[in-house]
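Biologist: I'm new to this one. Could you walk me through how to read its pockets?

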Amino acid sequence: MDCFLIQKNSEAKNQDFLKVLIFGLFCFLGVNGEKNAFADEAKGLEEVARLLKFHQPILPSQPPPDRFEKQVSLFPGSEPVLFSIPGFQSFGCGKCHKPETLIENAGKRMTGLIIRLRKVLPQVGEVPLRQYILQTYASPLLRANQFAHATFDTIRLFPRTVIIDEEIFNQETQFHEILHLTQPFIGHPNELEAYGLNIRSDPRFLFLNFPYFENVFKGFFKTEFGNMLNRFYGRDLRNIKEVPQQILQFSKPFEPETLETVAKAIKRMEPVLDEASVIIRQYPLESAYFSEQTGVRSLMLDLAAVRTLNLPAIKSSKKIVRRAFELLNQQFDKTDNTSLGYVIDRKSEALTILKYDSKVNDGIERLSLYFHFLKDRFFSENGELNLTPADTEDFNNYVSRKLENIAKMLKADGITEIEIDAGRKIILSIKKELQAKKEALGVQ
């Protein structure tokens with residue numbers, strides 16, 4: 001989501017280039033006011049598709065030799081952020097755009113979004129944004145199938161993402177990435193927290209990213225959410241080659257009354273989202289480990305719901321409750337996901353067995369049993385959350401592998417000095433926290 005004109009279309013007419021220029025300047029005007037288009041398909045989707053065709057990331061044999069850079073202070077007295085556009089001249093961006101204008105308006109967007117983040121999640125503190133790269137080409141650090149990527153004190157965007165963010169997503173992609181910069185570790189909890197920001201702005205993000213929210217939403221707020229999901233994904237979509245599938249899903253009109261109902265439920269769910277953020281930031285290593293070990297992407301939100309809400313009543317007999325807890329404990333004790341690289345949702349595995357061997361056919365009842373299990377497994381009698389891993393060796397190996405992955409990323413082609421410096425600091429911070437965990441557990 002970066003610089004705009006990635007490649008020249010020799011057959012395009014001059015008036016087409018003029019339209020691209022006008023649209024490009026419009027896209028960089030800054031953060032708009034809130035858009036509410038629950039009932040209306042995004043206007044000009046064909047025009048957006050045409051512009052996306054012009055602004056796909058290049059797949060070069062080597063990175064471009066040129067780069068436009070400018071230091072911008074987002075707030076009075078703040079350290080300047082390095083804004084850069086690699087390949088601005090060599091990829092023809094100068095045909096339609098002035099780099100100063102692109103960077104000036106990108107800076108306005110960042111300022112507005114950081115202010116917005118401080119209002120929504122004041123507990124996240126300072127946003128360590130030191131570099132913003134409008135990347136015109138695909139690379140190991142921003143692959144062609146991605147929209148954007150937050151690395152180490154850095155946000156990378158494609159030109160197409162700027163178009164999509166401005167016309168479709170109301171800057172939510174960049175809002176999402178800004179939060180990633182403040183997170184102390186990696187993994188599913190980071191995405192859970194970031195998508196939790198997005199759903200507060202528009203309920204359609206909840207449908208697009210439902211695995212992070214479905215358990216809590218269905219178990220505590222809207223038991224009929226499964227039917228809503230079926231209707232949302234059962235719609236016939238337009239076939240527009242240049243427009244990604246999730247954009248078509250987001251843009252197609254969908255039951256405005258349902259979206260309004262979901263939006264109101266999300267508002268009631270905000271304390272649970274806030275509590276999940278608290279847990280994730282208090283236990284970053286454990287949150288990531290348990291989410292991957294159990295294969296339950298929503299686990300930290302599920303635990304936050306158990307901590308903050310009244311558990312749903314269960315109708316099952318004590319025998320069924322014991323069987324449910326037995327199955328869930330068996331599944332949650334397995335470490336295949338972290339030790340062997342499997343991707344198995346242990347909650348779904350256990351509840352599927354429960355459905356067939358104990359004839360618990362009511363999905364909401366099975367979900368209620370799951371939440372009661374979480375309380376039994378992860379909370380003490382006085383309500384204290386216990387995220388101490390049962391298999392400390394598996395936990396330590398998991399964190400060590402993540403550290404190795406970060407170290408590999410710091411050697412990737414195109415990595416900048418800012419990212420290397422910030423990445424090394426993150427590694428030291430994680431190692432320090434891991435050592436503290438080992439000492440607390442009496443592990444050498």
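Modeller: Let's begin with the second largest pocket, at about 540 Å³. The model is predicted, so local features need pLDDT of at least 70 and side-chain atom pairs pLDDT 80 or more, while totals for chains, interfaces and linings use all residues. Numbering runs from 1 along each chain as its sequence is written, and side-chain values use heavy atoms, without hydrogens or water.

Biologist: What is a pocket, and which residues lie nearest the centre of the second largest one?

Modeller: On a 1 Å grid over the protein atoms alone, a pocket is an open set of points where a 1.4 Å probe fits, with protein on both sides within 12 Å along at least five of seven lines; lining residues have an atom within 4 Å of a point. Volume is the space filled by probe spheres set on the points, which are joined across faces, edges and corners. Here 25 residues line the pocket, with Glu214, Asn215, Asp345, Lys347 and Ser348 nearest its centre.

Biologist: Which helix gives the most to that lining?

Modeller: Helices are DSSP runs of H or I, at least four residues long, and strands are E runs of at least two, numbered from the N terminus. H16 gives the most, four residues; H8, H12 and H17 each supply at least two.

Biologist: And how much space lies in the largest pocket?

Modeller: About 1,600 Å³. Its lining has 47 residues, and His149, Ala150, Glu177, His180 and Glu191 are the closest to its centre. Strand S4 (148-150) and helix H6 (188-201) are among the elements giving two or more residues, while H5 has the largest share, six.
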